[in-house]
Amino acid sequence: MTDVTTQRAEMPEASRLVPTALCPDALPLWGSIVDDVWALEESGRDATQHVGPMWLNAVDRCWEAAGIQSHPSKKINAEVGGEIQGYHVGGRTHQVGVSVPKRLDTLQATLWLLFEREVVAVAWVERLIGKYGYVHTAKPPLRSIFEQAFKWLEGLRASGRGYRHRMIRIPGAILFE
(Lines give C-alpha, C1' and ligand atoms only; values in the text may rest on other atoms or scores of the structure.)
Protein backbone atom coordinates (compact mmCIF):
# COMPACT_ATOMS: atom_id res chain seq x y z
CA MET A 1 0.00 0.00 0.00
CA THR A 2 2.88 2.38 0.74
CA ASP A 3 4.31 1.91 -2.76
CA VAL A 4 0.89 2.55 -4.31
CA THR A 5 0.43 5.65 -2.14
CA THR A 6 3.86 7.11 -2.96
CA GLN A 7 3.22 6.51 -6.67
CA ARG A 8 -0.14 8.28 -6.44
CA ALA A 9 1.58 11.16 -4.60
CA GLU A 10 3.99 11.35 -7.56
CA MET A 11 7.07 11.03 -5.38
CA PRO A 12 10.13 11.29 -7.66
CA GLU A 13 11.63 7.81 -8.13
CA ALA A 14 15.03 9.36 -8.99
CA SER A 15 15.19 10.73 -5.42
CA ARG A 16 14.13 7.50 -3.69
CA LEU A 17 16.53 5.71 -1.37
CA VAL A 18 16.05 1.96 -1.70
CA PRO A 19 18.25 -0.31 0.47
CA THR A 20 19.03 -2.66 -2.43
CA ALA A 21 20.12 0.09 -4.84
CA LEU A 22 22.75 2.80 -4.94
CA CYS A 23 21.83 5.93 -3.02
CA PRO A 24 20.79 8.94 -5.15
CA ASP A 25 23.81 11.20 -5.54
CA ALA A 26 22.16 14.39 -4.26
CA LEU A 27 19.68 15.62 -1.69
CA PRO A 28 16.76 15.85 -1.28
CA LEU A 29 15.86 12.21 -1.11
CA TRP A 30 13.07 10.11 0.33
CA GLY A 31 12.40 6.55 1.34
CA SER A 32 9.84 4.26 2.90
CA ILE A 33 9.79 1.23 5.14
CA VAL A 34 6.50 -0.57 5.72
CA ASP A 35 4.08 2.29 6.56
CA ASP A 36 6.65 5.04 7.21
CA VAL A 37 7.65 7.56 4.55
CA TRP A 38 10.41 10.06 5.19
CA ALA A 39 12.35 12.80 3.39
CA LEU A 40 15.83 14.20 3.94
CA GLU A 41 17.22 17.48 2.65
CA GLU A 42 19.76 20.12 3.64
CA SER A 43 18.62 22.56 6.30
CA GLY A 44 20.73 25.53 5.20
CA ARG A 45 18.44 26.44 2.30
CA ASP A 46 15.51 28.84 2.39
CA ALA A 47 12.60 26.98 4.02
CA THR A 48 10.26 28.01 1.20
CA GLN A 49 12.39 25.93 -1.17
CA HIS A 50 12.13 22.74 0.91
CA VAL A 51 10.41 19.92 -0.98
CA GLY A 52 10.36 17.32 1.82
CA PRO A 53 7.25 18.72 3.57
CA MET A 54 5.48 19.04 0.19
CA TRP A 55 6.31 15.42 -0.68
CA LEU A 56 5.15 14.11 2.68
CA ASN A 57 1.95 16.19 2.66
CA ALA A 58 1.14 14.75 -0.78
CA VAL A 59 1.60 11.24 0.64
CA ASP A 60 -0.67 12.11 3.60
CA ARG A 61 -3.38 13.31 1.21
CA CYS A 62 -3.14 10.02 -0.73
CA TRP A 63 -3.32 8.00 2.51
CA GLU A 64 -6.43 9.92 3.52
CA ALA A 65 -8.00 9.48 0.05
CA ALA A 66 -7.52 5.72 0.52
CA GLY A 67 -9.24 5.91 3.93
CA ILE A 68 -6.04 5.43 5.94
CA GLN A 69 -5.39 7.82 8.79
CA SER A 70 -1.90 9.31 9.14
CA HIS A 71 -0.02 9.16 12.45
CA PRO A 72 0.37 12.80 13.60
CA SER A 73 2.82 11.75 16.34
CA LYS A 74 5.22 10.47 13.66
CA LYS A 75 5.35 13.81 11.84
CA ILE A 76 8.65 15.54 12.46
CA ASN A 77 9.45 18.46 10.19
CA ALA A 78 12.58 20.57 9.88
CA GLU A 79 14.40 18.82 12.68
CA VAL A 80 18.17 19.23 12.50
CA GLY A 81 20.05 16.19 13.74
CA GLY A 82 16.91 14.05 13.65
CA GLU A 83 16.31 10.34 13.39
CA ILE A 84 15.09 8.48 10.30
CA GLN A 85 14.15 4.80 10.62
CA GLY A 86 16.23 4.48 13.76
CA TYR A 87 19.33 6.18 12.35
CA HIS A 88 20.53 9.53 13.62
CA VAL A 89 21.47 11.97 10.85
CA GLY A 90 24.05 14.45 12.14
CA GLY A 91 23.02 18.07 11.57
CA ARG A 92 26.55 19.42 11.12
CA THR A 93 28.68 16.40 10.27
CA HIS A 94 26.01 14.60 8.21
CA GLN A 95 27.12 11.30 9.73
CA VAL A 96 24.49 8.58 9.64
CA GLY A 97 24.40 5.99 12.38
CA VAL A 98 22.67 4.96 15.56
CA SER A 99 22.15 7.79 18.05
CA VAL A 100 24.39 8.19 21.07
CA PRO A 101 21.58 7.27 23.52
CA LYS A 102 20.91 4.02 21.61
CA ARG A 103 24.64 3.24 21.56
CA LEU A 104 24.83 3.87 25.31
CA ASP A 105 21.83 1.57 25.90
CA THR A 106 23.60 -1.15 23.89
CA LEU A 107 26.82 -0.63 25.85
CA GLN A 108 24.92 -0.79 29.15
CA ALA A 109 23.22 -4.05 28.09
CA THR A 110 26.61 -5.45 27.06
CA LEU A 111 28.21 -4.64 30.40
CA TRP A 112 25.25 -6.07 32.29
CA LEU A 113 25.39 -9.31 30.28
CA LEU A 114 29.16 -9.65 30.63
CA PHE A 115 28.98 -9.15 34.39
CA GLU A 116 26.51 -12.07 34.45
CA ARG A 117 29.31 -14.27 33.03
CA GLU A 118 28.40 -17.40 34.89
CA VAL A 119 24.99 -18.29 33.46
CA VAL A 120 22.72 -16.42 31.04
CA ALA A 121 19.77 -17.25 28.79
CA VAL A 122 20.62 -17.83 25.13
CA ALA A 123 17.81 -15.40 24.20
CA TRP A 124 19.63 -12.56 26.00
CA VAL A 125 22.79 -13.17 24.00
CA GLU A 126 20.83 -13.41 20.73
CA ARG A 127 19.01 -10.15 21.46
CA LEU A 128 22.20 -8.28 22.29
CA ILE A 129 24.00 -9.55 19.19
CA GLY A 130 20.90 -8.58 17.17
CA LYS A 131 21.12 -5.04 18.60
CA TYR A 132 24.77 -4.86 17.55
CA GLY A 133 23.80 -6.17 14.13
CA TYR A 134 21.42 -3.23 13.76
CA VAL A 135 23.99 -0.73 15.06
CA HIS A 136 26.54 -2.14 12.61
CA THR A 137 24.26 -1.81 9.58
CA ALA A 138 25.51 1.79 9.44
CA LYS A 139 29.07 0.36 9.25
CA PRO A 140 28.72 -3.06 7.55
CA PRO A 141 32.40 -4.10 7.96
CA LEU A 142 31.83 -4.25 11.73
CA ARG A 143 29.38 -7.14 11.35
CA SER A 144 32.26 -9.54 10.79
CA ILE A 145 33.41 -9.14 14.41
CA PHE A 146 30.66 -11.53 15.46
CA GLU A 147 31.70 -14.38 13.16
CA GLN A 148 32.42 -16.81 16.00
CA ALA A 149 29.35 -15.73 17.97
CA PHE A 150 27.09 -16.35 14.94
CA LYS A 151 28.56 -19.86 14.53
CA TRP A 152 28.15 -20.57 18.25
CA LEU A 153 24.51 -19.39 18.21
CA GLU A 154 23.80 -21.47 15.09
CA GLY A 155 25.09 -24.53 16.93
CA LEU A 156 22.73 -23.77 19.83
CA ARG A 157 19.80 -23.34 17.41
CA ALA A 158 20.55 -26.76 15.91
CA SER A 159 20.13 -28.32 19.36
CA GLY A 160 16.34 -28.03 18.99
CA ARG A 161 13.27 -26.44 20.48
CA GLY A 162 13.60 -24.54 23.70
CA TYR A 163 17.23 -23.63 23.12
CA ARG A 164 16.50 -19.88 23.63
CA HIS A 165 15.46 -20.42 27.25
CA ARG A 166 18.40 -22.63 28.16
CA MET A 167 20.83 -21.15 30.62
CA ILE A 168 24.38 -21.31 29.30
CA ARG A 169 27.90 -20.12 30.02
CA ILE A 170 29.27 -17.82 27.37
CA PRO A 171 32.49 -19.44 26.08
CA GLY A 172 35.68 -17.44 26.52
CA ALA A 173 36.27 -17.52 22.73
CA ILE A 174 32.98 -15.61 22.30
CA LEU A 175 33.59 -13.20 25.18
CA PHE A 176 37.00 -12.17 23.88
CA GLU A 177 36.23 -12.36 20.16
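The points below describe a predicted model of a single chain, moving from its overall make-up to one helix, one pocket and one residue.

1. **Overall make-up.** The secondary structure of this chain amounts to 6 helices and 7 strands, and a reader who follows the sequence from its start will meet them in the order α-β-β-α-β-β-β-α-β-α-α-β-α.

2. **Burial, contacts and surface.** The chain has 177 residues, of which 33% are buried. Among the contacts with a separation of 6 or more, 48% are made by residues that lie 24 or more positions apart. The accessible surface comes to about 12,100 Å², and carbon and sulfur atoms account for 57% of that area.

3. **The length of helix H3.** Helix H3 covers residues 100-115, and because its 16 residues should span 22 Å at 1.5 Å a residue, the 22 Å found between its end C-alpha atoms agrees with the expected value.

4. **The two sides of H3.** Which residues of H3 are buried? They are Thr-106, Thr-110 and Leu-113, and since these buried residues fall within an arc of 70° when H3 is seen down its axis, they line one face of the helix. An α-helix has 3.6 residues a turn, so residues three or four places apart point the same way. On the other side of H3, the exposed residues are Pro-101, Leu-104, Asp-105, Gln-108 and Phe-115.

5. **What covers H3.** The cover over the buried residues of H3 includes strand E6, at residues 120-121, together with helix H4, at residues 122-136.

6. **The second largest pocket.** The second largest pocket holds about 460 Å³ of space. It is lined by 21 residues, and the ones closest to its centre are Leu-17, Pro-19, Trp-38, Tyr-87 and Val-96. Three strands, E1 (29-33), E2 (36-40) and E4 (87-89), each supply at least two residues of this lining, and the largest share, 4 residues, comes from E1.

7. **Gln-148.** Is Gln-148, which belongs to helix H5 (residues 147-158), buried, partly exposed or exposed? Its relative accessibility is 38%, and because a residue counts as buried under 20% and as exposed over 50%, Gln-148 is classed as partly exposed. The C-alpha atom of Gln-148 is separated by 6.4 Å from that of Ile-174, although the two residues stand 26 residues apart along the chain.

Note on methods:
Residues numbered from 1 in each chain as written. Predicted model: local features only at pLDDT ≥ 70, side-chain atom pairs only at ≥ 80, totals over all residues. Heavy atoms only, no water. Buried < 20%, exposed > 50% of the residue type's maximum accessible area, 1.4 Å probe, protein only. Contact = heavy atoms within 4.5 Å. Areas by Shrake-Rupley, 256 points an atom, 1.4 Å probe, with all protein chains shown as cover. Expected span 1.5 Å × (residues − 1). Arc of directions from axis to C-beta. 1 Å grid on protein atoms, 1.4 Å probe; cavity = no way out; pocket = protein on both sides within 12 Å on 5 of 7 lines; lining within 4 Å. Points joined across faces, edges and corners; volume = space filled by probe spheres on them.
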